[in-house]
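Please take a moment with the sequence and the structure below before reading on. The paragraphs that follow go through one sheet and then through the cysteines.

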Amino acid sequence: MRQLILSLLVLGLLSLAAGPGVIAQDATSIIHSQAQFVGITTLSNLPSTNVNPTGQLKVIPHRNLKEEVRKAASRYGLALSQSLSAPLSVPTPVGNKVLGGKSLVSFPGINTADSASVNGFSVSPPDQGLCAGGGFVVEIVNLAISVYSTKGALLHGPKSANSFFNANPADTFLTDPRCYFDRPTQRWFVSILNFETFSTGRSNLFLAVSQTNDPTGSYLVYSWDTTDDGLSGTPSNPSCPCFGDQPLLGADANGIYVSTNEFPIPSIPGFNGSQIYALSKTMLEQGALPTVVHINLMGNSLAEGTAYSLQPATSLNFDDEPSIGVEYFMSALDFNGSSTGLPGSLDNRITVWAMSNTSSLTKATPNVALTHVIVHTEVYGVAPSATQKVGPYPLGMSLGDPEELVDSVDDRMQQVVFVNGHLWSALVTIVSDGTNQGTCNPAPTPVLPSCSAGIAYFVVQPKFAHGALTASLQGQDYVSVKGNSVITPAIGVTEDGTAMMAFSLCGPSYFPSAAYAHITPFGSGPVRIAAAGKAPQDDSTGYIQLTNPPTFGVPTLSRWGDYSAAVVDGDSIWLATEYIPGGIDGTIYLTNWGTFVYEVNGNE
């Protein structure tokens with residue numbers, strides 16, 4: 001393996017909007033750090049290991065984001081603001097019908113046993129990564145990667161994600177994978193977080209870039225430091241050494257973008273806001289070493305609170321982008337939401353961000369600017385945890401524990417796509433059937449049957465001209481199933497405007513299942529089940545004897561993947577999400593998740 005340690009100048013201009021379309025020049029942050037070129041990896045040449053699982057479960061680090069957002073506001077002296085249109089009420093959508101699926105191609109993806117067999121240990125949760133193009137479908141989860149044909153045939157894998165990124169699992173902790181196929185350049189990009197290299201106490205991000213349009217071939221693997229403790233050229237942020245939680249991957253014509261939520265590596269309170277990293281796509285593909293632009297959104301990045309979970313957009317093509325280059329992001333604005341529940345935590349605003357002048361990323365000193373506008377939307381808020389259909393759960397039953405709840409995550413913004421000049425995205429929200437609404441408050445513990453997790457989605461038209469950003473809401477709606485929960489949405493949109501949303505469905509009527517819906521700016525179709533779950537989730541994170549302290553302080557709450565995936569390939573949309581396939585013994589693997597991959601089109 002070739003090892004080259006290289007100093008990369010990290011330089012960028014941070015400009016935050018003081019109001020719609022206004023760039024505030026008094027919030028500039030210029031950061032310098034170091035990165036390295038790790039080497040070359042070839043997926044088809046990775047060893048096909050088959051290791052007996054050790055009975056060890058690695059639980060992916062996950063911080064209570066909303067709790068830390070509120071604490072950060074106090075630290076920076078921010079008065080958290082909610083909607084100007086108070087008071088708000090919990091949404092009461094009618095609820096979507098539930099029907100069978102109509103997928104063109106479908107197959108079970110990577111599951112608990114697959115990941116354990118190539119790593120020697122189990123991992124929970126999976127965190128779904130998916131990309132498709134050129135006759136291939138690539139799936140990556142915690143911690144395995146596979147390549148399929150578009151007919152559903154397994155071509156390579158599952159292979160260890162640790163091996164793919166040249167990481168030593170005894171000294172690193174990889175998590176939160178993403179992948180993206182760039183149609184104009186026919187290259188594959190795969191990202192992942194290294195929570196910590198234990199021998200050094202440092203964290204980093206990995207980015208693998210294919211050298212051809214064949215995802216089974218060779219990749220250039222890059223890495224940059226995210227510890228932000230003032231060493232190795234990183235900024236000195238509070239409570240660090242830190243790591244970049246849930247790295248989110250996006251692209252425009254000029255760059256590749258990764259945004260993270262920064263938390264301390266030690267298990268201590270602290271949140272330093274979102275961090276954005278921008279790199280020249282052309283230079284990455286050529287094997288050159290681009291300048292890394294690091295924008296540090298720590299502190300008062302928004303008047304309303306510290307920015308979190310900025311989802312960068314991906315695009316099918318880049319015809320709608322201004323010539324100077326603009327990458328769009330979206331984020332939620334529910335700063336008072338909490339995974340521990342804060343009564344009345346609702347909002348009706350989201351934020352659209354624009355990083356402009358991305359054409360300068362090929363230069364030694366890129367000159368980009370970041371601005372934002374706030375858009376008023378339908379109401380959303382943190383959802384209660386999801387219940388499950390009653391069924392056998394061997395691990396929990398052996399411990400004498402009740403059937404566990406499923407984490408509905410929170411109301412952070414999920415995957416963003418930019419198609420035909422419009423941004424599409426969605427988030428999980430609390431919903432009510434309209435009865436006993438006054439007690440339907442966000443909380444991770446069971447609430448009245450009238451309250452559950454639904455999905456709010458948004459269609460926004462951004463415009464960036466003459467240095468000013470504007471954005472207008474073009475459509476919105478909810479997806480929900482009465483008395484049950486839908487969680488972890490991801491939207492894919494074709495060039496003709498056909499949009500499909502993937503998510504997981506669970507509740508008293510359903511074991512955790514893979515589902516989807518056809519959506520438009522003005523409404524959504526029936527919820528269709530692509531793969532029905534066969535058993536309850538049976539994961540050690542929901543049992544106090546095996547996970548102490550319990551997940552977010554709730555003894556019966558189990559982890560669920562933070563996101564699903566939806567990607568477009570021609571006229572089709574490939575979807576993937578977590579479900580419980582059955583047949584996986586939780587007493588062996590300490591968890592029993594699976595994933596399901598399927599192709600749909602607009603003929604619903």
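**A sheet and its disulfides**

Leucine 130 has glutamate 139, a residue of strand E10, as its bridge partner. This pairing is a useful place to start in what is a predicted model, for it belongs to a wider contact between two strands: E9 and strand E10, the latter made of residues 136–141, run antiparallel and are joined by 5 bridges.

These two strands are part of an open sheet of 4 strands, which follow one another in the order E9-E10-E11-E12 and pair in an antiparallel manner. At the edges of the sheet are strand E9, covering residues 129–133, and strand E12, covering residues 154–160, each of which pairs on one side only. If the direction of the strands is ignored, neighbouring strands of this sheet are turned against each other by 10° on average. A helix also belongs to this picture, since helix H2, residues 112–119, lies across strand E11 (144–149) and E12, and runs at about 60° to E12.

From the sheet we can turn to the cysteines. A disulfide is a covalent bond between the sulfur atoms of two cysteines. How many disulfides does a search of the whole structure find? The search finds 2 disulfides, and one of them leads back to the edge strand already described, because cysteine 131, which is joined to cysteine 179 with an S to S distance of 2.4 Å, lies in strand E9. Its partner, cysteine 179, is in strand E13 (residues 174–182), and the pair, 48 residues apart, links distant parts of the chain. The torsion about the S-S bond of cysteine 131 and cysteine 179 is about -120°, and therefore this disulfide is left-handed.

Are the two ends of this link buried or exposed? A residue counts as buried when its relative accessible area is under 20%; cysteine 131, with a relative accessible area of 1%, is therefore buried, and cysteine 179, at 11% relative accessibility, counts as buried because it also falls under that cut-off.

The other disulfide is formed by cysteine 240 and cysteine 242, whose sulfur atoms are 2.1 Å apart. The torsion about the S-S bond of cysteine 240 and cysteine 242 is about -95°, so this disulfide, too, is left-handed. Both of its cysteines, cysteine 240 and cysteine 242, are buried. One further cysteine may be added to the account: cysteine 506 has a relative accessibility of 1% and so counts as buried.

Notes:
Residues are numbered from 1 along each chain as its sequence is written. This is a predicted model: local features need pLDDT of at least 70, side-chain atom pairs count only at pLDDT 80 or more; totals for chains, interfaces and linings use all residues. Side-chain values use heavy atoms; hydrogens and water are left out. Two strands pair if DSSP finds at least two bridges between them. Axes are lines fitted to C-alpha atoms, for helices over the stretch in contact, and angles run from 0 to 180 degrees between N-to-C directions. Contact means heavy atoms within 4.5 Å. A disulfide is a pair of cysteine sulfur atoms within 2.5 Å. Buried means under 20% relative accessible area, exposed over 50%, partly exposed in between (1.4 Å probe, protein chains only).
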